[in-house]
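Please open the structure in your viewer and keep the selection tool at hand. We will go from stop to stop, choosing a residue or an element each time and looking at what surrounds it.

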Amino acid sequence: MEREERLTSLPEEDRSFQMLQESGLFDIRPCTTALDFEDTRRFQKLRLDPGQRMQVSALMQQLPTALTAGAMTQVYTVRFPEGLPHTLTALKQGGWGSMIRGENGRFLGSASFYRMTTQAALLGVFSAMSAATGQYFLAEINSKMEKIQLKLDKILEFLYGDKKAELLAELSFIKYACENFRSIMPHEAQRQATIISLQASRKVAMKDIEFYMGDLDAAANESGKDYATIKAQTDRAVKARDCLSLSVQLYAMSNLLEMYYAENHDPDYVAYLRGDMFAYIEKCDKRMLSSFSALNARIETYQPKWQEKDKVDKAALLEKTGVLVEALGSGEESPLRKSLDGALCAATQKADYYLTRDGNVYAKRS
């Protein structure tokens, strides 16, 4: 009763805002603590284009008097207990309303409690924040994909075979989709086309993984009658492994980018994605470990012929294969899995942001 009387006493716009906020999906309030946003260890400034910054500034001007209580603060704190995507989904669906019952007793629909001006303003700003935050998360994980981050000339050093042009094309597209996420997201037609291409990229990456996995198995397990053959097989196996790692990273990024572009953070979907990707990565790691362990054993037990003793350098070959065997057999979670797990969770974790009157948004680093 007290809540209803308090809401009734507010102007309609303020009442709409209060009801939205009381849903528990977000919380906006004046920030009364002096903060140093130049401290990059604590805060990350989101990249917003001029139009998005204008949206933030406009919302700051429209915040209800019931919220500000007359305060002339320059900074507001926005908290999302379940992450931005949940809030966006709720707002896009029209909020929470009262059910309308027809003459036959069946429910016909619902009437929104909230004025569209309030909801539209929040949706615009939250969408801009979501796109900018997604760009930040994707840039973070992309920077940890060591093969994807290599310069083209370095990639060309190990790419080979019929899949070379295909992998280069997919690599170029994944970089494009990752680096332009913030710009593409507001444009529905372009976003849908990108999602379709990402689904195709995932299929291509999986085919390439199987191709290079077979090539690695062949190089590691073929018999070598002399040192020159074993050396050639080792070089071929290392190249196949590099191509395989690039294919696995493209597979992972295509899955992750599709989730971010589709804004699908349904718990069941995210759990499926995590399980599917991790199982596939583990399968690849185990097969690589098996292949390089076999190759490593062949190098160690090889007995040089008398005519090639001056040419044999088993230590150099074992250095190439031994490092890979040690890394794959350490039992520790791979860096790729750690990065993917963080990116899958980041968008739906509790998050705090700070909005300033000049249109800037800062994310609080965890």
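## Starting at a buried alanine

Select Ala177 to begin: with a relative accessible area of 0%, Ala177 is buried, because the cut-off for that word is a value under 20%. Please keep in mind throughout that the model is predicted. Ala177 is found in helix H8, and, when residues up to four places away in sequence are not counted, it touches Thr194, Leu198, Leu257 and Tyr261. If you add Ser254 to the selection, you will see that its C-alpha atom and that of Ala177 are separated by 9.1 Å, although the two residues are 77 residues apart along the chain.

## From Tyr261 into the core

Select Tyr261 next, one of the residues that Ala177 touches. Which residues is Tyr261 in contact with, once its neighbours within four places in sequence are left aside? They are Ala177, Asn180, Phe181, Ile184, Met185, Arg191, Thr194, Ile195 and Leu198. Tyr261 also belongs to the largest nonpolar core, which has 62 residues, and it is named with Leu256, Leu257 and Leu340 as having the most contacts inside that core. The largest share of this core, 17 residues, comes from helix H11, which you can select as residues 227-262. A second, separate core has 25 residues, and Leu84, Leu91, Phe126 and Ala363 are included in it.

## Along H11 to H13

Keep H11 selected and add helix H13, residues 314-328. Two packed helices are described by the angle between their axes and the distance between the axes. The axes of H11 and H13 cross at roughly 25° and come within 11 Å; since angles under 35 degrees count as roughly parallel, H11 is roughly parallel to H13. The crossing of these two helices, H11 and H13, is left-handed. On the H11 side the contact is made by Tyr227, Ile230, Lys231, Thr234, Asp235, Val238 and Arg241, and on the H13 side by Lys314, Leu317, Lys320, Thr321 and Leu324. Sorted by class, the residues of the contact of H11 with H13 are 5 nonpolar, 2 polar and 5 charged.

Within this contact, select Thr234, which has its place in helix H11. Is Thr234 buried or exposed? Thr234 is buried, with a relative accessible area of 0%. Not counting residues up to four places away in sequence, Thr234 touches Leu295, Ile299, Leu317, Lys320 and Thr321.

## The loop after H11, and then H12

Now select Glu263, which lies in the loop between H11 and helix H12, residues 267-301. Glu263 has a positive phi of about 55°, although it is not a glycine.

Select H12 together with helix H10, residues 188-221, and turn the view until you can follow both helices. The axes of H10 and H12 are 8 Å apart and the helices pack at an angle of about 15°, and that angle makes H10 roughly parallel to H12. Here too, the crossing of H10 and H12 is left-handed. Among the residues of H10 that meet H12 are Met206, Ile209, Met213 and Gly214, while the partners in H12 include Tyr280, Cys284, Met288 and Leu295. By class, the contact of H10 with H12 has 12 nonpolar, 3 polar and 5 charged residues.

## Two further stops

Select Lys163, which is found in the loop between helix H7 (152-158) and helix H8 (164-179). Leaving aside its neighbours within four places in sequence, Lys163 is in contact with Asp208, Phe211 and Tyr212. The C-alpha atoms of Lys163 and Lys207 are separated by 9.6 Å, and these two residues are 44 residues apart along the chain.

Then go to Phe43 in strand S2, residues 43-45. Phe43 is buried, with a relative accessible area of 2%. Its C-alpha atom and that of Val361 are separated by 9.8 Å, while the two residues are 318 residues apart along the chain. Not counting residues up to four places away in sequence, Phe43 touches Leu35, Asp36, Phe37, Tyr354, Tyr362, Ala363, Lys364 and Arg365, and Ala363 is included in the second core.

## Stepping back

Finally, clear the selection and view the whole protein, in which there are 14 helices and 7 strands. Of its 366 residues, 45% count as buried. Among contacts between residues at least 6 apart in sequence, 79% join residues at least 24 apart.

Key. Residues are numbered from 1 along each chain as its sequence is written. This is a predicted model: local features need pLDDT of at least 70, side-chain atom pairs count only at pLDDT 80 or more; totals for chains, interfaces and linings use all residues. Side-chain values use heavy atoms; hydrogens and water are left out. A nonpolar core is a set of buried Ala, Val, Leu, Ile, Met, Phe, Trp, Tyr and Cys residues joined through side-chain atoms within 4.5 Å. Buried means under 20% relative accessible area, exposed over 50%, partly exposed in between (1.4 Å probe, protein chains only). Helices (H or I, at least four residues) and strands (E, at least two) are DSSP runs, numbered from the N terminus. Contact means heavy atoms within 4.5 Å. Axes are lines fitted to C-alpha atoms, for helices over the stretch in contact, and angles run from 0 to 180 degrees between N-to-C directions. Angles under 35 degrees count as roughly parallel, over 145 as roughly antiparallel, 65 to 115 as roughly perpendicular and the rest as oblique. A crossing is left-handed if the near helix is turned anticlockwise from the far one by less than a right angle, and right-handed if clockwise. Ala, Val, Leu, Ile, Met, Phe, Trp, Tyr, Cys and Pro count as nonpolar, Asp, Glu, Lys and Arg as charged, and the others, Gly among them, as polar.
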